[in-house]
Amino acid sequence: MTKHRNIAILGSTGSIGRQSLDIMAEYPTLFKPWLLTANVSANLLIEQALRFKPEHVVIADEQQYDKVRDALAGTATQVHSGSSAIAQLVTDSAVDTVVTAMVGYSGLESTIAAIKANKNIALANKETLVVAGELITQLLKHSSSKLYPVDSEHGAFYQCLVGERRQDVSKLILTASGGPFRTTPIEILHTMRAADALKHPNWAMGAKITIDSATMMNKGFEMLEAKWLFGIDHEHIEIVVHPQSIIHSMVEFCDGSVKAQLGLPDMHLPIRYALGLPDGRLSTNSRKMTIDDYCSLTFERPDYKKFPLLSAAYYAAEQGGNMACIMNAANEVAVAAFLHDRILFTDISDIVKKTMGRVQFLASPTYDDYVATNAEARSYAETLIQ
Ligand code: MG
């Protein structure tokens, strides 16, 4: 890299956003945080702006605009509010790479804006491809924008596929930790509370994705994400439980050979890899994996009865259209309700499946159809929570 790259981090106060800033602080001559955005975490956004001195910050929650503006008065950082400001700023000619690290469906609008503006994207917001994979794939065909996956599994697929021909791939093997309830008997699953689910064995993540990991919806999302990112049909994507989370995923080829990518379960690794692209790997002094970290690697078949959202995701992949959008919207509503102790753990999958059976299916949705489907599925799911 000859000059530093200007980075827009959408969702800089979340788990991936904070870790992306760690990586930028590690390579200050390579990256400059140009835009930082937050949904509601005004205090942390202010702290980050004072430390990293971006050109712009956006607080999506308009109620907190005055607070952020006052705190950054006298600095060179310009303060904006509202989600439309995000979609507008990512298209600025100064932006080189957009890290999409916001949570949920809210990532869609600004990701589409960034693709239309030919920006390279370090994609951490998996819901973008889950909800509108077909639309995003179409837009990418008419753009010079590249999607570099930040998710550890997709980073693994990407690395395993370097130098390989797509027609030689016979299967993607998507590894899953199994989440916090891997060994919990199905009979007592309904008694699990948010606090139990938030104790993830391997990965430190945000609350939404940790619950998605507990239901294994996260792995279903990742299957859909892999389908769109790599153009591999869902029938050729196999989910395997690997509790140590050392193998981040594997690719099987037509000659029977399997390539795996290994590393410590630390999101800084896939973020560092994604930010190094397209130039190459970034060298680091942080701790490397040793033999003690992988003295035993084990694999299990996932339990589809205990984790019905895995089958729901395959069903959504098979149906196509807006089905995954319906699934995602219902899941967002159900997870939020579970985090507030309004529903049982086992209600999450019931709400998602009922909503998938109820909201009108559209085989070829437009962007406006996705917006309408998201709203309709959310309001139907809300009616199931009483
Ligand atoms: Mg993952």
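What follows is a chat about a predicted model with a magnesium ion.

Biologist: Before we start, what are the ground rules for this predicted model?

Modeller: Residues are numbered from 1 along each chain as its sequence is written, and side-chain values use heavy atoms, with hydrogens and water left out. As the model is predicted, local features need pLDDT of at least 70 and side-chain atom pairs count only at pLDDT 80 or more, while totals for chains, interfaces and linings use all residues.

Biologist: OK, the metal. Which residues are the protein donors of the magnesium ion?

Modeller: D151 (OD), E153 (OE) and E222 (OE), at 2.1 to 2.4 Å from the ion. Donors here are N, O and S atoms within 2.8 Å of the metal (3.2 Å for Na, K and Ca), and water is not among the atoms, so sites may look incomplete.

Biologist: What spacing do the donors follow along the chain?

Modeller: The pattern is D-x1-E-x68-E. D151 sits in the loop between β7 (147–149) and α7 (152–161) and E222 in helix α10 (residues 217–230), so this pair ties together parts that are 71 residues apart in sequence. The helices (H or I, at least four residues) and strands (E, at least two) are DSSP runs, numbered from the N terminus.

Biologist: Is D151 buried or exposed? And E222, buried or exposed?

Modeller: D151 is buried at 8% relative accessibility, and E222 is buried at 1%. The cut-offs: buried is under 20% relative accessible area, exposed is over 50% and partly exposed is in between, with a 1.4 Å probe and protein chains only.

Biologist: How do α7 and α10 pack?

Modeller: Their axes are 10 Å apart, at an angle of about 35 degrees. Axes are lines fitted to C-alpha atoms, for helices over the stretch in contact, and angles run from 0 to 180 degrees between N-to-C directions. The crossing is right-handed: the near helix is turned clockwise from the far one by less than a right angle, where anticlockwise would be left-handed.

Biologist: Which residues make that contact?

Modeller: From α7 you get E153, H154, F157, Y158 and L161, and from α10 K219, E222, E225, A226, L229 and F230. Contact means heavy atoms within 4.5 Å. The split is six nonpolar, one polar and four charged. For that, Ala, Val, Leu, Ile, Met, Phe, Trp, Tyr, Cys and Pro are nonpolar, Asp, Glu, Lys and Arg are charged, and the others, Gly among them, are polar.

Biologist: And what's the angle between α10 and α12?

Modeller: About 25 degrees, with the axes 7 Å apart; α12 is the helix of residues 308–319. That makes α10 roughly parallel to α12, since angles under 35 degrees count as roughly parallel, over 145 as roughly antiparallel, 65 to 115 as roughly perpendicular and the rest as oblique. This crossing is right-handed too.

Biologist: Which residues of α10 and α12 meet there?

Modeller: M217, K219, G220, M223, L224 and K227 of α10 meet L309, L310, A313, Y314 and A317 of α12. These divide into eight nonpolar, one polar and two charged.

Biologist: Switching to α9. How many of its residues are buried?

Modeller: Seven of the nine in α9 (residues 207–215), namely K208, T210, I211, D212, S213, A214 and T215. The cover includes α6 (127–141), α8 (194–197), α10, α12, α13 (323–339) and α14 (345–358).

Biologist: What is D212 in contact with?

Modeller: Leaving aside neighbours within four places in sequence, D212 touches M217, N218, F221, N331 and V335. D212 is buried, at 2% relative accessible area.

Biologist: Now the backbone oddities. Which peptide bond is cis?

Modeller: The one from L277 to P278, with omega near 5 degrees. P278 is in the loop between α11 and α12. Helix α11 (residues 268–276) has eight of its nine residues buried.

Biologist: What about phi of N118 and of S245?

Modeller: Both are positive: near 60 degrees for N118 and near 50 degrees for S245. Most residues other than glycine have a negative phi, and most peptide bonds are trans. N118 is partly exposed at 39%, whereas S245 is buried at 6%. S245 is in the loop between β9 and β10. M216, which follows α9, also has a positive phi, near 70 degrees.
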